[in-house]
Amino acid sequence: MPITKGYQQLVAEAMAQVRTYSVEEVRARLDDPHVLVVDIRDVRELEREGTVPGCINAPRGMLEFWVDPASPYYKQVFGDESKEYILFCGAGWRSALATQTLQAMGMTNVAHIDGGFTEWVKQGAPVETMEQHKARRQAKA
């Protein structure tokens, strides 16, 4: 069966429909209590590369289930309408598609980071290791 719409076209369509922030814009808002940065990469990527300080992890494969209050996997962290959820992945492709999907689900308070974690690191933005990430989460619990 031939592919009639490739990933590049899907990502381009998503990018045209979603709010996109630069690394600089997100970095300036890391301490904003109304912003929650969401790493949608696989846990193996986080372990290998680290992540954005203060973010939460919501693996791409579970995101729709964690966001939907009707899902048995719903996570309350996604129920705060006063927050803006800024997603990122490795290069900005998965996060563009995920942001588009969350918008299709009805979320209006969602965006993503242009260039993803690769661009984050390239611009020298702060990174925490997976161990630091886990310790911070445990300290909040």
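## Close-up views of a predicted model

**Figure 1. Surroundings of Pro126 in the loop between α6 and α7.** Pro126 is partly exposed, its relative accessible area being 33%, and this legend, like those that follow, refers to a predicted model. The loop that holds Pro126 runs between helix α6 (116-122) and helix α7 (130-140). Although Pro126 and Pro53 lie 73 residues apart along the chain, their C-alpha atoms are separated by 6.8 Å. Once residues up to four places away in sequence are set aside, Pro126 touches Arg27, Leu30, Thr51, Val52, Pro53 and Trp120, so that Pro53 appears among the contacts of Pro126 as well as in the C-alpha pair just described.

**Figure 2. Thr99 and its contacts in helix α5.** Thr99 belongs to helix α5, which covers residues 93-104. With a relative accessibility of 0%, Thr99 counts as buried, because the limit for that class is under 20%. Leaving out residues up to four places away in sequence, the residues that Thr99 touches are Val18, Leu87, Val110, Ala111 and His112.

**Figure 3. The salt bridge between Glu84 and Arg29.** The side chains of Glu84 and Arg29 meet in a salt bridge with an N to O distance of 2.9 Å. This pair links distant parts of the chain, since Glu84 lies in strand β4 (residues 84-88) and Arg29 in the loop between α2 (23-27) and β2 (35-39), with their positions 55 residues apart in sequence. Glu84 counts as buried at 11% relative accessibility, whereas Arg29, with a relative accessible area of 24%, is partly exposed. Both residues also take part in a network of salt bridges that links Arg19, Arg29, Asp32 and Glu84.

**Figure 4. The salt bridge between Asp39 and Arg41.** Side chains of opposite charge can pair when their charged atoms come close. Here the side chains of Asp39 and Arg41 meet in a salt bridge, the N to O distance being 2.8 Å. Asp39 is buried, with a relative accessible area of 0%, and Arg41 is likewise buried, with a relative accessible area of 0%.

**Figure 5. The salt bridge between Glu13 and Lys5.** The closest N and O atoms of Glu13 and Lys5 are 3.1 Å apart, and the two residues form a salt bridge. Glu13 counts as partly exposed at 28% relative accessibility, and Lys5 is also partly exposed, with a relative accessible area of 36%. A search of the whole structure finds eleven salt bridges, among them the pair shown in this view.

**Figure 6. The whole chain as the setting for the close-up views.** The secondary structure comes to seven helices and five strands, which follow the pattern α-β-α-β-α-β-α-β-α-β-α-α along the sequence. The C-alpha trace spans about 50 × 40 × 30 Å along its principal axes, and the radius of gyration of 15 Å agrees with the value near 14 Å that a compact globule of 141 residues would have. Buried residues make up 40% of the 141 residues, while the accessible surface comes to about 8,100 Å², of which 54% belongs to carbon and sulfur atoms. Among contacts with a separation of 6 or more, 67% are accounted for by residues 24 or more positions apart. The chain carries 16 positive and 19 negative charges, and the mean positions of these two groups are 3 Å apart.

Note on methods
Residues are numbered from 1 along each chain as its sequence is written. This is a predicted model: local features need pLDDT of at least 70, side-chain atom pairs count only at pLDDT 80 or more; totals for chains, interfaces and linings use all residues. Side-chain values use heavy atoms; hydrogens and water are left out. Helices (H or I, at least four residues) and strands (E, at least two) are DSSP runs, numbered from the N terminus. The radius of gyration is taken over C-alpha atoms; the globule rule is 2.2 Å times the number of residues to the power 0.38. Buried means under 20% relative accessible area, exposed over 50%, partly exposed in between (1.4 Å probe, protein chains only). Contact means heavy atoms within 4.5 Å. Accessible areas come from the Shrake-Rupley method with a 1.4 Å probe; for residues, only the protein chains shown count as cover. Lys and Arg count as positive and Asp and Glu as negative; His and the chain ends are not counted. The place of a charge is taken as NZ of Lys, CZ of Arg, CG of Asp or CD of Glu. A salt bridge is a side-chain nitrogen of Lys or Arg within 4 Å of a carboxyl oxygen of Asp or Glu.
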